[in-house]
Amino acid sequence: VQLQAYGGGLVQAGGSLRLSCAASGSSFSFDAMGWYRQAPGKQRKLVANIARTGNTNYEDSVKSRFTISRDNAKNMVYLQMNSLKPEDTAVYYCNARYIAFHYWGKGTQVTVSS
């Protein structure tokens, strides 16, 4: 299984970015897909995830600003990020879970300038 994330970049505070992640090499639908982020010197933390059913979960600081969605048929997950803040600057990692197995993509850098 491979996860390929793209869509990161540099944006000014208040701007928007959309991250996408494509999963390939699996014959199953993931129980959950999501995004984590890791800022310099900090631990990797969950940003948002979405179950196969569509149920979502967000980290408190991104609620009302970020929206996660997925396309089960294409095994893709998206993260629409609005009203970005400098504290959102981090490497964002795509994650997919099937039963007890976690799969990770290479990170994509998101930098928000003030």
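**Entry 1: the four-stranded sheet.** In this predicted model, I looked up an open sheet of four strands and found the order E1-E3-E8-E7, paired antiparallel. I then asked which strands stand at the edges. They are E1 (2–6) and E7 (66–71); each has a single partner strand, so one side of each is left without a neighbour in the sheet. From one strand to the next, I noted an average twist of 15°. As background, I recorded that strands of a sheet pair through backbone hydrogen bonds, either parallel or antiparallel.

**Entry 2: the pairing of E7 with E8.** I found six bridges between E7 and E8, which run in the antiparallel sense. I looked up arginine 70 and found that its bridge partner in E8 is valine 77.

**Entry 3: methionine 76.** I located methionine 76 in strand E8, which covers residues 76–81. Is this residue buried or exposed? Its relative accessibility is 12%, and because buried means under 20%, methionine 76 counts as buried. Beyond its neighbours within four places in sequence, I found methionine 76 in contact with several residues, including Tyr6, Met33 and Arg70. I also looked up tryptophan 35, which lies 41 residues away along the chain; its C-alpha atom is 12 Å from that of methionine 76.

**Entry 4: aspartate 88.** I placed aspartate 88 in the loop between E8 and strand E9 (90–98). With 1% relative accessibility, aspartate 88 counts as buried. Which side chain does aspartate 88 join through a polar contact? It is that of arginine 65, at 2.7 Å. Setting aside neighbours within four places in sequence, I listed the contacts of aspartate 88 as Arg37, Arg65, Phe66, Ser83, Val110 and Val112.

Definitions and conventions. Residues numbered from 1 in each chain as written. Predicted model: local features only at pLDDT ≥ 70, side-chain atom pairs only at ≥ 80, totals over all residues. Heavy atoms only, no water. Helix = DSSP H or I, 4+ residues; strand = E, 2+ residues; numbered from the N terminus. Buried < 20%, exposed > 50% of the residue type's maximum accessible area, 1.4 Å probe, protein only. Contact = heavy atoms within 4.5 Å. Polar contact = N/O pair within 3.5 Å; in protein donor to acceptor, adjacent residues only side chain to side chain. Pairing = 2+ DSSP bridges. Axes fitted to C-alpha atoms, helices over the stretch in contact; angles between N-to-C directions.
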